[in-house]
Amino acid sequence: AWFSTGFDDKEDERMKEEGDHSDILTIHDIMYGPVAFPEPIMRAVIDHPAFQRLRHLRQLGNVHHLHPSAVHTRFEHSIGVAHRAAALAETLRREQPSLGIS
């Protein structure tokens, strides 16, 4: 499967120290490596038929005809965007506490 709830060895060690993290979904993104999302929320989004449809839509259109390795689906793109949006929200929460982002 393209996504997994498995963690790398370093992450396994950290999880053993901190306790159970069964509420975390880790998706192995081609650009960002393993990215973690809250399990119940992300699982519901990913399992939705509208989101699954993104697996068949190409982000780069017909570029793969000219460059065969240029295959990037809207599904993959959306996972990366969600990861970057979460990183932005975390940075804003940390750097701008006056915004009240929780």
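A salt bridge here is a side-chain nitrogen of Lys or Arg within 4 Å of a carboxyl oxygen of Asp or Glu. By that yardstick, E90 pairs up with R93, the closest N and O atoms sitting 2.5 Å apart. The model is a predicted one, so local features need pLDDT of at least 70 and side-chain atom pairs count only at pLDDT 80 or more, while totals for chains, interfaces and linings use all residues. Residues are numbered from 1 along each chain as its sequence is written, and side-chain values use heavy atoms, with hydrogens and water left out.

On the overall layout, the protein has 4 helices and 2 strands, where helices (H or I, at least four residues) and strands (E, at least two) are DSSP runs numbered from the N terminus. Going along the sequence, the pattern reads α-β-β-α-α-α. Of the 102 residues, 23% count as buried; buried means under 20% relative accessible area, exposed means over 50%, and partly exposed is in between (1.4 Å probe, protein chains only).

Now for the strands. Strand β1 (residues 24-29) and strand β2 (residues 33-38) run antiparallel to each other, paired over 6 bridges; for two strands to pair, DSSP has to find at least two bridges between them. I24 has P38 of β2 as its bridge partner. The two strands, β1 and β2, make a hairpin with 3 residues between them. In a regular strand, side chains alternate between the two faces of the sheet.

Next comes the interior. The largest nonpolar core has 10 residues, namely L25, I27, V35, F37, M42, I46, F51, L54, F75 and I79. At least two residues of this core come from each of β1, β2, α2 (39-47) and α4. A core of this kind is a set of buried Ala, Val, Leu, Ile, Met, Phe, Trp, Tyr and Cys residues joined through side-chain atoms within 4.5 Å.

The structure holds 1 aromatic pair. That pair is F51 with F75, edge-to-face, at 5.1 Å centre to centre and with 65° between the planes. F51 lies in helix α3 (residues 49-52) and F75 in helix α4, so the pair ties together parts that are 24 residues apart in sequence. For the cut-offs, rings of Phe, Tyr and Trp (its six-membered ring) pair if their centres lie within 6.5 Å, with planes under 30 degrees apart counted as stacked, over 60 as edge-to-face and the rest as tilted. F51 is buried, with a relative accessible area of 13%, and F75 is buried too, at 1%.

Back to the charges: a search of the whole structure turns up 3 salt bridges. Besides its contact with R93, E90 also meets R94 in a salt bridge (3.9 Å, N to O). R94 in turn meets E95 in a salt bridge, at 3.5 Å from N to O. Taken together, E90, R93, R94 and E95 are linked in a network of salt bridges. As for spacing, E90 and R93 both lie in helix α4, 3 residues apart, or about one turn of the helix. E90 and R94 both lie in that helix as well, 4 residues apart, again about one turn. In terms of accessibility, E90 is partly exposed at 34%, R93 is partly exposed at 37% and R94 is partly exposed at 46%, whereas E95 is exposed at 51%.

Finally, the surface. L88, L92, L99 and I101 make a nonpolar patch of about 340 Å². Patches are made of residues with over 30% relative accessible area and no salt bridge, joining like charges within 9 Å and nonpolar side chains (Val, Leu, Ile, Met, Phe, Trp, Tyr) within 5 Å. The areas come from the Shrake-Rupley method with a 1.4 Å probe, and for residues only the protein chains shown count as cover. I101 sits in the segment after α4 (74-95), and at 34% relative accessibility I101 counts as partly exposed.
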